[in-house]
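Dear colleague,

I am handing over the structure below, and I would be glad if you could look through it with the notes that follow.

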Amino acid sequence: MANQLSQLDQVFAALADPTRRAIVMRLCAGEASVGELAEPFEMALPSFMKHVHVLELSGLVQSEKSGRVRTCRLSPEALVGAEDWFQHQRAIWEARLDRFEAYVMKLKKERAAAKQSSKATEKTTNKPSKRKGTE
């Protein structure tokens with residue numbers, strides 16, 4: 001379990017950076033060389049390689065070198081842990097929101113009942129007395 005959390009932390013840390021998210025989005029279209037991936041970014045290649053390295057450590061990206069060209073490809077299985085975590089969180093929050101909705105509905109019914117009760121009490125207390133001699 002601790003290893004899964006560590007992997008999950010690495011995936012979220014990797015995706016926290018907009019440059020790395022852009023790399024992942026580009027790799028969704030297919031594999032690419034580091035040069036192709038680095039092209040749209042205004043940074044030195046060693047700095048860009050640090051981003052690739054973080055993505056590799058998280059398991060989101062795999063790369064292999066053939067001659068002088070390093071080719072990267074997306075490894076979507078790394079996202080399975082994050083997807084599972086999101087589904088678990090969604091279930092927790094949906095249950096909480098369902099309980100909150102039920103509580104709000106209960107309060108609304110109680111308020112409506114209290115208003116009905118106060119209106120009924122008002123009608124009985126505001127009726128003029130029909131007894132003789134009380135005028």
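How many residues lie between β2 and β3 in the hairpin that they form, and which residue in the turn has a positive phi? This is a predicted model, and in it two residues separate β2 from β3, with Gly67 in the turn at a positive phi of about 70 degrees. The two strands of the hairpin, β2 at residues 61-66 and β3 at residues 69-74, run antiparallel and are joined by six bridges; within this pairing, Ser63 has Cys72 as its bridge partner in β3.

Cys72 also leads into the interior, since it counts as buried because its relative accessibility is 1%, under the 20% limit. The largest nonpolar core has 18 residues, and Cys72 is among those with the most contacts inside it, together with Leu27, Leu37, Phe48, Leu55 and Leu60. At least two residues of this core come from each of the helices α1, α2, α3 (34-38), α4 (45-58) and α5 (78-125). As general background, nonpolar side chains in soluble globular proteins tend to be buried together. If neighbours within four places in sequence are left aside, Leu27 is in contact with Ala32, Leu37, Val61, Cys72, Arg73 and Leu74.

On the cysteines, Cys28 counts as exposed, because its relative accessibility is 51% and the limit is 50%, whereas Cys72 is buried. The structure holds zero disulfides.

Turning to the aromatic residues, there are four aromatic pairs in the structure. In one of them, the ring centres of Phe12 and Phe86 are 5.6 Å apart and the planes stand at 85 degrees, so the pair is edge-to-face. Because Phe12 belongs to helix α1 and Phe86 to helix α5, this pair ties together parts that are 74 residues apart in sequence. Both rings belong to residues that are partly exposed, with a relative accessible area of 28% for Phe12 and 47% for Phe86. Phe12 and Phe86 form one aromatic cluster with Trp85.

Finally, a word on the loop between α1 (2-15) and α2 (18-27), where Asp17 lies. The side chain of Asp17 reaches the backbone nitrogen of Arg20 at a distance of 3.2 Å, and the C-alpha atom of Asp17 is separated by 8.8 Å from that of His51, although these two residues are 34 residues apart along the chain.

With best regards

Methods: Residues numbered from 1 in each chain as written. Predicted model: local features only at pLDDT ≥ 70, side-chain atom pairs only at ≥ 80, totals over all residues. Heavy atoms only, no water. Pairing = 2+ DSSP bridges. Helix = DSSP H or I, 4+ residues; strand = E, 2+ residues; numbered from the N terminus. Polar contact = N/O pair within 3.5 Å; in protein donor to acceptor, adjacent residues only side chain to side chain. Core = buried A, V, L, I, M, F, W, Y, C linked by side-chain atoms within 4.5 Å. Buried < 20%, exposed > 50% of the residue type's maximum accessible area, 1.4 Å probe, protein only. Contact = heavy atoms within 4.5 Å. Disulfide = S-S within 2.5 Å. Phe/Tyr/Trp six-rings, centres within 6.5 Å; stacked < 30°, edge-to-face > 60°.
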